[in-house]
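Biologist: Before we discuss any labels, please show me the model, and then let me ask on what grounds each label is given.

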Amino acid sequence: MSDAPPAAEARSLRLAELLLLTAQALQAVEAGRSLDAVLAGVAPAARPGVQALAFHVLRWLGSARALRRRLVARPPPAQLDALLTCALALLWPAGTPPYREHTLVDQAVRAARGAGLASALVNAVLRRFVRERDALVAALQGDELAQWNHPPWWIARLRTDWPQDWQAVLAADNAHPPLTLRVNVRRTSTAAYAARLAAEGVAAQVVGPSAVALTQPVPVARIPGFAQGEVSVQDAAAQLAAPLLLGAPGRLGPGARVLDACAAPGGKTAHLLELADLDLLALDRDPQRLPRVHETLARLGLAARIVAGDAGEPAAWWDGLPFDAILLDAPCSASGIVRRHPDVRWLRRARDIDALAQAQSRLLDALWPLLAPGGRLLYCTCSVFKAEGEGRIDAFLQRHGPEADVCRLGAPGHLLPLADNSEVGADVPAGAPAHDGFFYALLEKRGTR
Ligand SMILES: C[S@@+](CC[C@H](N)C(=O)[O-])C[C@H]1O[C@@H](n2cnc3c(N)ncnc32)[C@H](O)[C@@H]1O
């Protein structure tokens, strides 16, 4: 997903129109819809601009909401409230807002007038903010929601889980994510692809064994070699899954039976198949997400059996032959990829984490019996919450008891989305962009076949 600065994206449509569409998108997200789903319903000409504005608004939503409450004590009607909130977020942060103040205020007033909303109120509120910014911002000191732009329960959980790093993680969540590519080693090498980018004048950095981060994001259609299957878009931390599960080259021979239990849209499925000749079953509970797996594999020239099914109910889809390796990329809060999905923090509720943890444990318990003796299961989530990572593996190991058939092998555990990239590659250059937040645990079943 391109995440270009709003000003660049918005040029082709009037800002006032984009502001109204963004306010509608904010209302939909606040009603519980994901931004991806909302954007899919926006006219193609407006979509990039609305996406860019909505990303900015969602990153600064806590500050904007707190300001709106301070500036207009009685809550305005929902549509007006959303427009005001969007405009305030777009006047943020101080020093580097995406638009000049007078442009933004003028366009917000036009948007209000065009939609039959109280334009005089919009004008008065925004002008007061511009005039009294320093005092108004100072008055928000001590308001955690305004300071960190995350819900209080999320901040509290992070503080408990990561007493040293919670502030850095919250700050990192509002950064712009890198566009990182995974080189398809069946088609080319990382060095050859990096050289191709350099020759085509595309600035990039090698940030992992197969990972290349572009200095400036570009639309997917303009990524050199993408259509030809030379590269895919995948964060450097997500690129750890396939090599961790496969182990040393050749450990899993041609035709090894591998299950990718939560496969859609197929990023890790494809990476596994790029690295080894596997008999791979790609399973996902959501049939609507499976066409993406087909498309990805077709573009890359790879093949797998692709099946719709609940990984927690193997009786419905398992043929009874054990797997040599299982990837469980479990459904999770996505709290490690907030940079890419700034709506996630506002969509989740505190109670979701317990429900997700239960679902993750159910999947671990259901899939473990399907593993052959000597086989490996890689459990991962794109979460920074310990309840979805270390907590799940501790509980699993306890349920199995000390005499059990499970042995935990070396894998990175929790990776925070911070600038220390040593886990994703020994040679990652200093200054490489931070990877996403992830959790990895590798389990081996004792015994031989
Ligand atoms: C984190 S995404 C997987 C991303 C994928 N592995 C990749 O790398 O592209 C989690 C997926 O789990 C699927 N899922 C959720 N619950 C499931 C279940 N009980 N059985 C199988 N798939 C499930 C969701 O539909 C979603 O596609």
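Modeller: This is a predicted model, and I would begin at the ligand, where Asp 284, Arg 289, Asp 310, Ala 311 and Asp 329 come nearest of the 19 residues around it.

Biologist: What makes a residue count as near the ligand?

Modeller: A residue is near if one of its heavy atoms lies within 4 Å of the ligand. The shell of such residues divides into eight nonpolar, three polar and eight charged, and helix H14 (267-275) and helix H17 (350-367) each supply at least two of its residues.

Biologist: What makes the approach of Arg 289 to the ligand a polar contact?

Modeller: A polar side-chain atom of Arg 289 lies 2.7 Å from an oxygen atom of the ligand, and the cut-off for a pair of N or O atoms is 3.5 Å, so the pair qualifies. By that cut-off Lys 268 qualifies as well, with a polar side-chain atom 3.0 Å from a ligand oxygen, and so does Ala 264, through a backbone N or O atom at 3.2 Å from an oxygen of the ligand. As for cover, the protein takes up 87% of the 610 Å² of accessible area that the ligand has on its own.

Biologist: Why is Ser 335 called buried?

Modeller: Ser 335 has a relative accessibility of 0%, and buried means under 20%, therefore the term applies. Ser 335 is found in the loop between strand E8 (323-329) and helix H16 (344-347). Its side chain makes a polar contact with the side chain of Ser 333 at 3.0 Å, and a polar atom of the Ser 335 side chain lies 3.0 Å from the backbone nitrogen of Val 384.

Biologist: How do you know that Leu 90 is buried?

Modeller: The relative accessible area of Leu 90 is 0%, which is under the 20% limit, so Leu 90 is buried. Leu 90 belongs to helix H6 (residues 78-90), and beyond its neighbours within four places in sequence its contacts include Leu 19, Leu 53, His 56 and Tyr 99. Leu 90 and Leu 53 are 37 residues apart in sequence, with their C-alpha atoms 7.8 Å apart.

Biologist: What is the mean pLDDT of the protein chain, and where is the pLDDT below 50?

Modeller: The mean is 93, and 96% of the residues reach 70 or more. Over residues 1-6, however, the pLDDT is below 50, although this stretch has 17 contacts in the model beyond near neighbours in sequence. Residues 8-12 are also below 50, with seven such contacts. Where pLDDT is low, the predicted coordinates should not be read in detail.

Methods: Residues are numbered from 1 along each chain as its sequence is written. This is a predicted model: local features need pLDDT of at least 70, side-chain atom pairs count only at pLDDT 80 or more; totals for chains, interfaces and linings use all residues. Side-chain values use heavy atoms; hydrogens and water are left out. Helices (H or I, at least four residues) and strands (E, at least two) are DSSP runs, numbered from the N terminus. Buried means under 20% relative accessible area, exposed over 50%, partly exposed in between (1.4 Å probe, protein chains only). Contact means heavy atoms within 4.5 Å. A polar contact is a pair of N or O atoms within 3.5 Å; within protein, one must be able to donate a hydrogen and the other to accept it, and residues adjacent in sequence count only if both atoms are side-chain atoms. pLDDT is the predictor's confidence in each residue, from 0 to 100. Accessible areas come from the Shrake-Rupley method with a 1.4 Å probe; for residues, only the protein chains shown count as cover. Ala, Val, Leu, Ile, Met, Phe, Trp, Tyr, Cys and Pro count as nonpolar, Asp, Glu, Lys and Arg as charged, and the others, Gly among them, as polar.
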